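Colleague: I would like to learn how to read a model of this kind feature by feature, with the general idea set out before the particular case. Could we begin once the sequence and the structure are in view?

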Amino acid sequence: MSVASTMAGLTATTPEPMPSLASPASPARARVVAAVLVVAAVASAAFGIWHPAPGGGESFGYDVIAPIHTSWWAWHLFAGLGVAAGAIAVGLAVCLLVPARGATWATLGALLTSVGGLAFYGGVAAEGVLGMYATDPEALPAESGTTLITFVDDNFEPVGLALIPGLVLLAVGPLLLALALWRARSVPRWLPVAFALTNVAGFPLSTSVLAVLADGAFAATHVAMGWSLWHHTRTNTPRSNP
């Protein structure tokens, strides 16, 4: 056997090189994330717009919940799930849009935002189920239901243990995601600014016209984020904005 034939055999059996770990995410995966982000953002905004205002004591008493006790449960359970799904999706979207510069901030922001969304969902789901049972006349008389809701309002710690940290993380995490987008320059420069502002704008607002506008702006910026990710999968080249 000649040396040439031996070398040819070795070349023929040489395995193909492994794909680079830095290769971009598949377009299908990124588009699923973009679609979930858009749907969840609309659901989250709708939840905020629908949510009734507190009663005179700045709490959701029996008189507020009883007329809508079935929809109270449904909105908290399903739209609250949309909040959690949106929090996870926006973190994934930013991580896909920030492959290099700013990736550490994107990873940390995605982690905080995702944990915050899940914690928030735990709190609102508990609030929704409790409100439905307490105001169902087949479960409790009105007087007993009122007593139960008043007791929960006065001892809110078990529900607030998940809800309040979730809200804090949902305020801090998106700021880190916005910082990552700003450093990466992979989206228009206005988007991370609008994303940061609309994520925190609704927290100090009560149910009012301003709160409705804030919820609408929140949904719009998340839709823009989803569109940016979808557009990125079509061009497969990140934008570099001055």
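Modeller: Let us begin with a definition, since burial will come up repeatedly: a residue counts as buried under 20% relative accessible area, as exposed over 50%, and as partly exposed in between. The model before us is predicted, and in it Arg-185 has a relative accessible area of 32%, so this residue is partly exposed.

Colleague: Where does Arg-185 lie, and what is the sign of its phi?

Modeller: As a general idea, most residues other than glycine have a negative phi. Arg-185 has a positive phi near 55° although it is not a glycine, and its place is in the loop between α7 (157-184) and α8 (190-201). The positive value thus comes just after α7.

Colleague: Before we go further into details, how many helices and strands does the chain have?

Modeller: There are nine helices and zero strands, and from the N terminus on the elements run α-α-α-α-α-α-α-α-α. Of the 242 residues of the chain, 38% count as buried. Among contacts with a separation of 6 or more, 78% are accounted for by residues 24 or more positions apart. The accessible surface of the chain comes to about 13,100 Å², and 71% of that surface belongs to carbon and sulfur atoms.

Colleague: What span should α7 have, and how far apart are its end C-alpha atoms?

Modeller: At 1.5 Å a residue, the 28 residues of α7 should span 40 Å, and because the end C-alpha atoms are 40 Å apart, the two values agree.

Colleague: How should I describe a pair of aromatic rings, and how many such pairs are found in the whole structure?

Modeller: A pair of aromatic rings is described by the distance of the centres and the angle of the planes. A search of the whole structure finds five aromatic pairs. One of them joins Phe-47 and Trp-75, which are stacked, with 6.5 Å from centre to centre and 15° between the planes. Phe-47 lies in helix α2 (residues 27-50) and Trp-75 in helix α4 (residues 69-97), so this pair ties together parts that are 28 residues apart in sequence.

Colleague: Which of these two residues is buried and which is partly exposed?

Modeller: Phe-47 is buried, with a relative accessible area of 7%, whereas Trp-75 is partly exposed at 29%. Trp-75 also pairs with Trp-50: the ring centres are 5.2 Å apart and the planes stand at 10°, so this pair is stacked as well. It again links distant parts of the chain, with Trp-50 in helix α2 and Trp-75 in helix α4, 25 residues apart. Trp-50 itself counts as partly exposed, at 23% relative accessibility. Ring pairs link Phe-47, Trp-50, Trp-72 and Trp-75 into a cluster.

Colleague: Which rings have a charged residue over them?

Modeller: Two cases can be named. The charged end of Arg-31 sits over the ring of Trp-230, 5.2 Å from its centre, and Arg-189 lies over the face of Trp-182, at 3.6 Å from the ring centre. Trp-182 has a further spatial relation, to Val-193: these two are 11 residues apart in sequence and 8.1 Å apart in space, C-alpha to C-alpha. Val-193 has its place in helix α8 and is partly exposed, with a relative accessible area of 40%.

Colleague: How should I read the nonpolar interior, and which residues of the largest core touch the most other members?

Modeller: In soluble globular proteins, nonpolar side chains tend to be buried together. Here the largest nonpolar core has 23 residues, of which Val-94, Leu-97, Val-98, Leu-181, Met-225 and Leu-229 touch the most other members. Each of α2, α4, α5 (103-134), α7, α8 and α9 supplies at least two residues of this core, and α4 gives the most, with five. Another core, of eight residues, lies apart from it, and includes Ala-79, Ala-87, Phe-120 and Leu-170.

Colleague: Leaving aside neighbours within four places in sequence, what are Leu-229 and Ser-228 in contact with?

Modeller: With those neighbours left aside, Leu-229 is in contact with Ala-30, Val-33, Ala-34, Ala-93, Leu-96 and Leu-97. On the same basis, Ser-228 is in contact with Leu-97, Val-187 and Leu-191. Ser-228 lies in helix α9 (residues 209-235), and its relative accessible area is 10%, so it is buried.

Terms used: Residues are numbered from 1 along each chain as its sequence is written. This is a predicted model: local features need pLDDT of at least 70, side-chain atom pairs count only at pLDDT 80 or more; totals for chains, interfaces and linings use all residues. Side-chain values use heavy atoms; hydrogens and water are left out. Helices (H or I, at least four residues) and strands (E, at least two) are DSSP runs, numbered from the N terminus. Buried means under 20% relative accessible area, exposed over 50%, partly exposed in between (1.4 Å probe, protein chains only). Contact means heavy atoms within 4.5 Å. Rings of Phe, Tyr and Trp (its six-membered ring) pair if their centres lie within 6.5 Å; planes under 30 degrees apart count as stacked, over 60 as edge-to-face and the rest as tilted. A charge sits over a ring if NZ of Lys or CZ of Arg is within 6 Å of the ring centre and within 35 degrees of the ring normal. A nonpolar core is a set of buried Ala, Val, Leu, Ile, Met, Phe, Trp, Tyr and Cys residues joined through side-chain atoms within 4.5 Å. Accessible areas come from the Shrake-Rupley method with a 1.4 Å probe; for residues, only the protein chains shown count as cover. The expected span of a helix is 1.5 Å times one less than its number of residues.
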